[in-house]
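Me: I would like to take a careful look at one part of this model, the place where the ligand sits. Please go through it slowly, as I am new to reading structures.

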Amino acid sequence: MPFSASWSGRAPGRVNLIGEHVDYMGGVVLPAAVDRFTDVSGHEAGEWSVDSEVAGGLEYVRATGEELGAPPQAVTVRSQVPPNAGISSSAALLVATAAGLRPGMAGRDAALLCQRAEQKATGVRVGVMDQFASALGRRGGALLLDCATLDYQVAPFPDEVAIGVIDSGEHRSLAGTAYNERRREAEAHDPRRMRHVDSEIERVHSFVAALKARDFRLMGELLKLSHASLRDDFEVSTPNVDAIVERACAAPGCYGARIMGAGFGGSILALVERARTRDFEAMLARPVLFCSTADGAFATPDARGAHR
Ligand code: GLA
């Protein structure tokens with residue numbers, strides 16, 4: 001099928017409620033697409049070029065285009081997804097590019113293709129979670145995704161619980177972190193790393209049960225346990241992030257908080273009573289990005305419910 005002479009695509013960033021550093025181990029994760037978007041537009045050109053405020057954009061866009069077999073494109077990127085802050089600006093850029101160039105693709109195929117593109121662009125052996133959430137997230141829900149089979153279900157997420165993302169200020173690109181090293185250690189079944197992986201997968205299941213029972217307090221406790229495990233057993237936190245998590249957990253209306261995404265800095269997720277978000281932010285004395293769940297770039301209206 002030929003590519004359009006000019007095209008545009010849009011895809012959201014994502015949060016991960018729980019299930020960190022388990023996607024590449026074939027575990028279950030619970031991410032959600034959020035209402036911060038990256039818009040990409042392009043047209044065929046003699047060579048690949050990107051006009052973007054985001055560093056590294058060219059590699060991501062070109063890798064996605066090449067995976068799709070597209071000819072070189074001149075691309076413009078506009079993004080509301082803050083870069084290097086843990087809500088996956090990279091996945092939003094990859095998925096927006098794929099959605100623009102090949103809007104009719106199946107969401108699962110798009111997610112896998114974008115994962116390959118990110119791995120090629122960065123040399124980081126990322127899992128599929130971020131691209132999957134950006135492609136197939138659903139407004140009003142989180143995705144309970146089995147990364148071994150790519151089966152997923154939409155788990156409704158309550159309006160009364162606000163999803164807060166706190167930028168740690170420690171920005172990094174994954175290529176400069178120990179991400180690959182942690183993945184290698186987990187794949188080699190290092191006991192401490194595996195203690196995190198196994199316990200985190202159990203926490204995902206407990207979290208989903210708590211979500212169904214509307215036990216927000218328990219959901220928050222599970223976030224705190226997840227943080228401790230990522231800090232002590234997987235060793236992807238930093239002292240600065242630990243301090244912010246602690247402050248967030250003590251702030252008004254907070255059910256719980258943890259480091260989110262790959263770690264090594266990046267961002268913190270906090271679940272906060274909707275009615276108390278202002279008090280929470282004032283006490284934390286840091287800007288909090290409050291997000292709502294959103295549809296992914298490849299989500300279709302009939303894509304609700306179970307997917308097998
Ligand atoms: C990054 C990767 C994901 C996942 C998380 C950790 O966001 O892109 O695939 O491994 O880290 O859960």
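Which atom of the ligand is 2.6 Å from an N or O atom in the side chain of Tyr179?

Reply: In this predicted model, the atom that lies 2.6 Å from an N or O atom in the side chain of Tyr179 is an oxygen atom of the ligand. Taken alone, the ligand exposes 310 Å², and 98% of that is buried by the protein. Two further contacts can be described beside that of Tyr179: a polar side-chain atom of Asp130 lies 2.7 Å from an oxygen atom of the ligand, while in His21 a backbone N or O atom lies 2.7 Å from an oxygen atom of the ligand.

Now to the wider surroundings. The space that the ligand takes is the largest pocket, and the residues around the ligand include Arg14, Glu20, Asp23, Tyr24, Val126, Met129 and Gly261, together with His21, Asp130 and Tyr179. Sorted by character, the residues of this shell comprise five nonpolar, three polar and four charged ones. Because domain 1 (6–156) and domain 2 (161–291) both give residues to the shell, the ligand lies between them.

Finally, it helps to follow Tyr179 back into the protein, where Thr177 is found in the loop between strand S8 (161–167) and helix H5 (179–187). A polar atom of the side chain of Thr177 lies 3.2 Å from the backbone nitrogen of Tyr179, and a polar atom of the Thr177 side chain also lies 2.7 Å from the backbone oxygen of Leu174. Tyr179 thus appears twice in this picture, with its side chain facing an oxygen atom of the ligand at 2.6 Å and its backbone nitrogen 3.2 Å from the side chain of Thr177.

Terms used
Residues numbered from 1 in each chain as written. Predicted model: local features only at pLDDT ≥ 70, side-chain atom pairs only at ≥ 80, totals over all residues. Heavy atoms only, no water. Near = heavy atom within 4 Å. Polar contact = N/O pair within 3.5 Å; in protein donor to acceptor, adjacent residues only side chain to side chain. Areas by Shrake-Rupley, 256 points an atom, 1.4 Å probe, with all protein chains shown as cover. 1 Å grid on protein atoms, 1.4 Å probe; cavity = no way out; pocket = protein on both sides within 12 Å on 5 of 7 lines; lining within 4 Å. Sits in = over half its atoms within 2 Å of the grid points. Nonpolar A, V, L, I, M, F, W, Y, C, P; charged D, E, K, R; others polar. Domains from an automatic or database assignment. Helix = DSSP H or I, 4+ residues; strand = E, 2+ residues; numbered from the N terminus.
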